[in-house]
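This report goes through a single model, beginning with one residue in a loop and its surroundings. The ligand site, a helix and some backbone features follow.

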Amino acid sequence: MKYRTLPRTDLQLSAIGFGCWAIGGKWWGDDVDDKSSIAAIHAAVDHGINWFDTAPLYGHGHAEELLAKALGSRRHDVIIASKVGVRWRHQINDHAFSDLSPDHIIEDCECILRRLRLDTIPLLQVHWPCECSTPLEATLEALMALRDGGKIRYFGLCNYASRPLQQALAYAPELASLQTPYSMLRREFEFALRDVVAPEGEQALGMLAYETLCRGMLTGKFGAAPRFPSTDLRHNDERFREPLWSRAQGLVSALRLVGAKLNVPPAALAVGWVLRQPGVSVAIVGAKRAAQVAEQVRALELIGREKIWAALQPHVDRTRV
Ligand SMILES: NC(=O)c1ccc[n+]([C@@H]2O[C@H](COP(=O)([O-])OP(=O)(O)OC[C@H]3O[C@@H](n4cnc5c(N)ncnc54)[C@H](OP(=O)(O)O)[C@@H]3O)[C@@H](O)[C@H]2O)c1
């Protein structure tokens, strides 16, 4: 494993972070079970992964509880990043919504601390922008108060566009990270990456890339457009249906071909590509099973092999879904 310092913090994160959404047991199909999830977490630690990205929403608390159980006392030695803000009780039309009022942030943080059985959360992120009327400044003040009170060490944002991100940085320059989707297939964030996160000069904050496998598509395991059960969020994901499905298949075939030549899994190529991109601090990758983690970490052996990336880049550049 390789470790990278999150800019302007003392957090040394493994280049790959373990994403805990699927192990929450909701929205990722019928093949999630706690025993396999715990084995996946143990495999991650064995491979040198030292940080875990989770959220209260993932399994409505279950992912955090399971993570704490699987790690046991090791939960104090790793870096757990969780998220605040989302309410799922009393939701309208099955839509969980973001309430970033200071009271809710503080209450949410206390619940996370209880589920993780920690006194301090190393990194607390806003899950997505506010859908109530709370001004950004009030949210940032609440996060600063949590930090000053020792409940969290650092705070960050997820899913913010470049303008509100810039506003947040102006108000709270100590903002540690932004989490955003980024992969060979999802590059719309690149402009903000260059303009806000990693402009010329010192990197403004850490960038944690998620959906690096495009929800499994970039592993090359799906021969034809898959049919997911309605319990799997990919059931309604346009990228797994025509016409978007076919648009991505040239790139997926290239990953299979290059992977077979080098004897590496396509998943490792997809994660390796993300880790090479300027401004990307680390990649979050979701896993349900230990074998999936073992494939992902092979990305680390590929990062410096220029010929691979020269061969793949034209496929990446001509693919948009
Ligand atoms: N901040 C946010 O709003 C936000 C949003 C989304 C995600 N995230 C974070 O990012 C993490 C990753 O999730 P994601 O949505 O970004 O998905 P992803 O990492 O692109 O895909 C993860 C899924 O791909 C499949 N997979 C992984 N490795 C594999 C392998 N080697 N071979 C075959 N299949 C493999 C698994 O699902 P199957 O086995 O079912 O195919 C796994 O659950 C989440 O857990 C979460 O921590 C954050």
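## Tyr-160 and its contacts

The model is a predicted one. Leaving aside neighbours within four places in sequence, Tyr-160 is in contact with Leu-100, Val-126, Trp-128, Pro-129, Cys-130, Leu-136, Leu-178 and Phe-189. One of these partners, Val-126, is 34 residues from Tyr-160 along the chain, and the C-alpha atoms of the two are separated by 9.3 Å.

Tyr-160 belongs to the loop between strand E9 (152-158) and helix H5 (162-171). Its relative accessible area is 6%, and because buried means under 20%, Tyr-160 counts as buried.

## The ligand site

The ligand occupies the largest pocket. Strand E12 (282-286) and helix H9 (290-296) are the elements that give two or more residues to the shell around the ligand. There are 31 residues around the ligand, and those that come nearest are Asp-53, Glu-211, Lys-221, Arg-234 and Lys-288.

Polar atoms of the protein also approach oxygen atoms of the ligand. From the backbone, a polar atom of Cys-20 is 3.2 Å from a ligand oxygen, and an N or O atom of Cys-214 lies 3.3 Å from one. From a side chain, an N or O atom of Gln-292 is 2.9 Å from an oxygen atom of the ligand. On its own the ligand has 910 Å² of accessible area, and the protein covers 95% of this.

## Ser-183 and helix H8

Ser-183 is placed in the loop between strand E10 (177-181) and helix H6 (190-197). With a relative accessible area of 1%, Ser-183 is buried. Not counting residues up to four places away in sequence, Ser-183 touches Glu-211, Thr-212, Leu-218, Trp-273 and Val-274. Glu-211 is also listed among the residues that come nearest to the ligand.

Trp-273 and Val-274 are buried residues of H8. Helix H8 covers residues 266-276, and 10 of its 11 residues are buried, so the helix is largely enclosed by the rest of the structure. The buried set also includes Pro-266, Ala-267, Ala-268, Leu-269, Ala-270, Val-271, Gly-272 and Leu-275.

## Backbone features in loops

Most residues other than glycine have a negative phi, and most peptide bonds are trans. Which residues joined by a cis peptide bond can be named here? They are Glu-242 and Pro-243, with omega at about 5°. Pro-243 lies in the loop between strand E11 (206-210) and helix H7 (244-262).

Two residues other than glycine have a positive phi: for Trp-27 the value is near 75°, and for Asn-159 it is near 65°. Trp-27 is in the loop between strand E3 (16-19) and helix H1 (34-46), while Asn-159 is in the loop between E9 and H5, where Tyr-160 is also found. Are these residues buried or partly exposed? Trp-27 has a relative accessibility of 33% and counts as partly exposed. Asn-159, at 27%, also counts as partly exposed, whereas Tyr-160 is buried at 6%.

Notes
Residues are numbered from 1 along each chain as its sequence is written. This is a predicted model: local features need pLDDT of at least 70, side-chain atom pairs count only at pLDDT 80 or more; totals for chains, interfaces and linings use all residues. Side-chain values use heavy atoms; hydrogens and water are left out. Helices (H or I, at least four residues) and strands (E, at least two) are DSSP runs, numbered from the N terminus. Buried means under 20% relative accessible area, exposed over 50%, partly exposed in between (1.4 Å probe, protein chains only). Contact means heavy atoms within 4.5 Å. A residue is near a molecule or strand if one of its heavy atoms lies within 4 Å of it. A polar contact is a pair of N or O atoms within 3.5 Å; within protein, one must be able to donate a hydrogen and the other to accept it, and residues adjacent in sequence count only if both atoms are side-chain atoms. Accessible areas come from the Shrake-Rupley method with a 1.4 Å probe; for residues, only the protein chains shown count as cover. On a 1 Å grid over the protein atoms alone, a cavity is a set of points where a 1.4 Å probe fits but cannot get out, and a pocket is an open set with protein on both sides within 12 Å along at least five of seven lines; lining residues have an atom within 4 Å of a point. A molecule sits in a cavity or pocket if more than half of its atoms lie within 2 Å of its grid points.
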